[in-house]
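The exercises below work through one protein chain by reasoning from its atoms to its architecture. Each task is followed by a solution that proceeds step by step.

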Amino acid sequence: MSKALDGVRILDFTHVQSGPTCTQLLGWFGADVIKVERAGEGDATRGQLRDIPDVDSLYFTMLNHNKRSITLDTKNPKGKAVLETLIKQCDVLVENFAPGALDRMGFTWERIQELNPRMVVASVKGFGPGPYEDCKVYENVAQCAGGAASTTGFDDGPPLVTGAQIGDSGTGLHLALGIVAALYQRNTTGRGQKVMAAMQDAVINLCRVKLRDQQRLDRTQVLKEYPQYPDSEFGEAVPRAGNASGGGQPGWILKCKGWEKDPNSYIYFITQAPVWASICKVIGQEDWITDPQYATPAARLPHLKNIFARIEQWTMTKTKFEAMDILNKFDIPCGPILSMKEIADEPSLRATGTIVEVDHPKRGKYLTVGNPIKLSDSQTEVTRSPLLGEHTDEVLGQLGYSAKDIADLRAEKVI
Ligand code: COA
């Protein structure tokens, strides 16, 4: 079967998480991804958070599937010449160096355009133009500067970062879409273009509903579905909403049977208006179906804490999976709080290729997250991450370098 991005060649100049997640996705869609790494060292994540001595970390292996690795000193004139050849022969250059690093290396947008006017140059930076444009940025900085931290957590606690890597992997996703759009536009213009995804912007995009709420708060001074209502005051900014639902259907996380010992014995429960009567019946509170204090969504808003406390009396009598089975029969939207252990062991996620077991020559078998985007005509086969420089000779050979040229470059520590 062919792949969606067959024939697209990516010069993958990325490292750490945000850029690698982008190029990994492109690889899953069939692009030929050539990862250029520093000779001798490689991507810093190869050595970070190692669980097996001297073996590429899971941090690296899980972000760099379906790629080839070459080593290259791109500050050495001979290394620059190799990079120039790569630029001429690739469709997209993806990078997430600190601001200005590519320019300092001598590869400005103008220079790349001279070498290959069809090249798409895609960058992740921490911030777009503005006061922080020169800053180096990691995940949690983006979560904080993008509005996620100020709106996550509980009212009486500090701002909180989330486990979902919305700054890194979230930006990688945004960048991948920009690249595909730029390649599509190139079909008509014949030209490459710059694609830029700032981590702050990506997080703001993912926090879109909180900017919605900011403007609702500005206008009405209250957010009636937030846990602060009706007992406490609202300030000027959108407060942390605890586990309140981000939409118009109130929800909360409720304890289930066994919560005293199992930190994940909880369920997310949504009191969707159309199934209110079913909820009342399931929990044995039929009088709430017609009681004017509970009968309509607007009437319920001041009583959400009581409502969820009452529903929790019921959920605490069931395991999260028993509650799921019962509630789903009534189309009541709910979701179990799944631990990573439960996710790793879930057969349906293995069956769809969302969780994949991969074999690696040095670490053996490990689990990874496969392609979350499923295309019916372009199936993803997850292949293991490359060893450092594993494909240097192969790629240089394809670029036209002879065995002697390659040996000379190696002797001079350029590769
Ligand atoms: N050969 C020679 N030099 C190389 C090279 C190669 N193959 N690859 C990279 N380098 C050099 C770069 O030219 C740069 O040199 P310079 O500082 O002299 O210009 C240097 O390596 C380091 O690059 P840098 O990006 O500054 O790495 P860092 O480890 O100091 O910073 C980040 C890491 C992630 C903070 C930074 O890259 C960054 O802010 N990136 C943008 C935002 C981002 O993607 N953050 C999320 C990461 S998950």
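**Exercise 1. Aromatic pairs**

Determine how many aromatic pairs a search of the whole structure finds, and classify the pair formed by Phe-154 and Trp-252 from its ring geometry.

Solution. The structure is a predicted model, and a search of all of it finds five aromatic pairs. For Phe-154 and Trp-252 the ring centres lie 6.3 Å apart and the planes stand at 75 degrees. Since rings pair when their centres lie within 6.5 Å, and planes over 60 degrees apart count as edge-to-face, this pair is edge-to-face.

The next step is to place the two rings in the chain. Phe-154 belongs to the loop between helix H6 (139-145) and helix H7 (169-189), while Trp-252 belongs to strand E7 (residues 251-255), so the pair ties together parts that are 98 residues apart in sequence. As for accessibility, Phe-154 has a relative value of 42% and counts as partly exposed, and Trp-252, with 23%, also counts as partly exposed.

Now treat Trp-288 and Tyr-294 in the same way: are their rings stacked or edge-to-face? The centres are 4.2 Å apart and the planes are at 10 degrees, so the pair is stacked. Trp-288 is buried, with a relative accessible area of 8%, and Tyr-294 counts as buried at 10% relative accessibility. Ring pairs link these two residues with Trp-276 into a cluster.

**Exercise 2. Charges over rings**

Identify which aromatic residue has Lys-255 over its face, and which has Arg-363 over its face.

Solution. Lys-255 lies over the face of Trp-259, at 4.0 Å from the ring centre. Arg-363 lies over the face of Tyr-366, at 6.0 Å from the ring centre.

**Exercise 3. The parallel strands around E1 and E5**

Establish which strands are joined to E1, and then follow the pairing from E4 through E5 to E6.

Solution. Begin with strand E1 (residues 9-13), four of whose five residues are buried, so that E1 is largely enclosed by the rest of the structure. E1 is joined by four bridges to strand E2 (residues 32-37), and the two run parallel; within this pairing, Asp-12 stands opposite Lys-35 in E2. Helix H1 (residues 18-28) completes a right-handed β-α-β unit with E1 and E2. E1 is also joined by four bridges to strand E4 (residues 92-95), again in parallel, with Ile-10 standing opposite Val-92 in E4.

From E4 the pairing continues to E5, through four bridges between strands that run parallel, and here Val-94 stands opposite Ala-122 in E5. E5 is in turn joined by five bridges to strand E6 (residues 194-198), also in parallel, where Lys-125 stands opposite Ala-198 in E6.

The last step asks how E5 is covered. In a regular strand the side chains alternate between the two faces of the sheet. In strand E5 (residues 120-125) six of the six residues are buried. Val-120, Ala-122 and Val-124 are buried on one side, and Val-121, Ser-123 and Lys-125 are buried on the other, leaving both faces of E5 covered.

**Exercise 4. The antiparallel sheet**

Work out the strand order of the open sheet of three strands, and say which of its strands are edge strands.

Solution. The order is E7-E8-E9, with antiparallel pairing. The edge strands are E7 and strand E9 (334-336), each of which pairs on one side only. Neighbouring strands of this sheet are turned by 20 degrees against each other on average, when direction is ignored. Looking at one pairing in detail, E7 and strand E8 (residues 266-270) are antiparallel over five bridges, and Ile-253 stands opposite Tyr-268 in E8.

**Exercise 5. The whole chain**

Describe the protein chain by its helices and strands, its span, its burial and its contacts.

Solution. The protein chain has 17 helices and eleven strands, and along its principal axes the C-alpha trace spans about 85 × 45 × 40 Å. Of the 415 residues in the protein chain, 46% are buried. Finally, taking the contacts between residues at least 6 apart in sequence, 65% join residues at least 24 apart.

Terms used
Residues numbered from 1 in each chain as written. Predicted model: local features only at pLDDT ≥ 70, side-chain atom pairs only at ≥ 80, totals over all residues. Heavy atoms only, no water. Buried < 20%, exposed > 50% of the residue type's maximum accessible area, 1.4 Å probe, protein only. Pairing = 2+ DSSP bridges. Right-handed = clockwise from strand over helix to strand, strands pointing away. Phe/Tyr/Trp six-rings, centres within 6.5 Å; stacked < 30°, edge-to-face > 60°. Lys NZ or Arg CZ within 6 Å of the ring centre and 35° of its normal. Axes fitted to C-alpha atoms, helices over the stretch in contact; angles between N-to-C directions. Contact = heavy atoms within 4.5 Å.
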